[in-house]
Amino acid sequence: MVTPDYSVLLDTNILMSKTLRDWILILAQESNFKFFQPYVSSGILDEFGYKMRRRKPELDDGALEMCKKQIRDSTWDIISGFQVPHIPGYPDKNDLHVHAAADHGGMHALITHDTKLLNFATTPEGQDIQKYETMSADDFLTKQLTKRVPLSLFAQVYIGHIKHALRLGYKDFDVCKALDRTKDRQGNKQEPLAPQFARFLRTHIINRPDVTTVVDRMLEESRTPSSLSSL
């Protein structure tokens, strides 16, 4: 259960999704880390940099370091200085550093999109070695945070996403679409990121009168051409 000192380690695949990364880190920051504290590890940040470099070869070193700095600044702390053990039967030896970080940091939960780690956590072997919960971002957002975080905070962060989209020049957008879409922008089939959380937002947040009033006003202002002062 989420408590005021609830610590969560964000796996690399959560950081690689800007949608999931933003929702989790902004909820933490906007609440001044009142409801949970997100962590990353030195190994997870290194893996994030490596995967970002492969995904976006055109990304220069400065932009990549800025992105990593934003993550460091948005988390509670960086876990480092631990040994990575060999664990027979662990589903992916390349992910042992994630378990080692969660164990060394005394995390309450590991948040991951990796089905191998999620499935392993349900086995007797996984339950025997893990002192922390392993859950998807969807379960963390929906089954954990919605029980503790006030609806007004979700509304605040949702409105922030709308503001950001408008600043980028988008006029037709659906904040929830990135959470529950089953195809990527190229039309390839994909697993939705957080469909339960998308349903929660549509049911409890988007149609709140206070939210619709603010969003309607922002949309109207975005459609009104700015008047230019005459020289």
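Where along the protein chain is the place of Asn-32? In this predicted model, Asn-32 sits in the loop that runs between helix 2 (18-30) and strand 2 (37-41), and Phe-33 lies in that loop between helix 2 and strand 2 as well. Asn-32 has a phi near 55 degrees, a positive value in a residue other than glycine, and Phe-33 likewise has a positive phi, near 60 degrees, although it is not a glycine. The two residues were assigned to opposite classes of accessibility: Asn-32, with a relative accessible area of 62%, is exposed because this value is over 50%, whereas Phe-33, with a relative accessible area of 15%, is buried because this value is under 20%.

The overall fold of the protein chain was described next. Its secondary structure comes to 12 helices and five strands, and its C-alpha atoms fill a box of roughly 70 × 40 × 35 Å when taken along the principal axes. For a chain of 231 residues, a compact globule would have a radius of gyration near 17 Å, and the 19 Å computed for the protein chain agrees with this. Buried residues make up 45% of the 231 residues, and the accessible surface of the protein chain comes to about 13,100 Å², of which 50% belongs to carbon and sulfur atoms. Among contacts between residues at least 6 apart in sequence, 71% join residues at least 24 apart. The protein chain carries 30 positive and 30 negative charges, whose mean positions are 4 Å apart.

The cysteines were then considered. A disulfide is a covalent bond between the sulfur atoms of two cysteines. The structure holds zero disulfides. Cys-67 counts as buried because its relative accessibility, 13%, is under 20%, and Cys-176 counts as buried at a relative accessibility of 0%.

Two buried residues, Asp-95 and His-99, were examined together with their surroundings. Asp-95 lies in the loop between strand 3 (77-79) and helix 5, while His-99 has its place within helix 5 (residues 96-104). Asp-95 counts as buried at 7% relative accessibility, and His-99 is buried with a relative accessible area of 4%. When neighbours within four places in sequence are left aside, Asp-95 is in contact with Glu-47, Tyr-90, Asp-114 and Leu-117, and His-99 is in contact with Ile-87, Tyr-90, Ile-129, Gln-130 and Tyr-132; Tyr-90 thus appears in both lists of contacts. Asp-95 and Asn-119, which are 24 residues apart in sequence, are 14 Å apart in space from C-alpha to C-alpha.

A further buried position was found in strand 5 (residues 133-135), where Met-135 lies. Met-135 has a relative accessible area of 6% and is therefore buried, the value being under 20%. Met-135 and Ile-111 are 24 residues apart in sequence, yet their C-alpha atoms are 5.3 Å apart in space. Not counting residues up to four places away in sequence, Met-135 touches Ile-111 and also Ala-109, Leu-110 and Thr-112, and its remaining contacts are with Tyr-6, Leu-118, Phe-140 and Gln-144.

Definitions and conventions: Residues numbered from 1 in each chain as written. Predicted model: local features only at pLDDT ≥ 70, side-chain atom pairs only at ≥ 80, totals over all residues. Heavy atoms only, no water. Helix = DSSP H or I, 4+ residues; strand = E, 2+ residues; numbered from the N terminus. Rg over C-alpha atoms; globule rule 2.2 N^0.38 Å. Buried < 20%, exposed > 50% of the residue type's maximum accessible area, 1.4 Å probe, protein only. Contact = heavy atoms within 4.5 Å. Areas by Shrake-Rupley, 256 points an atom, 1.4 Å probe, with all protein chains shown as cover. Lys, Arg positive; Asp, Glu negative; His and termini not counted. Charge placed at Lys NZ, Arg CZ, Asp CG, Glu CD. Disulfide = S-S within 2.5 Å.
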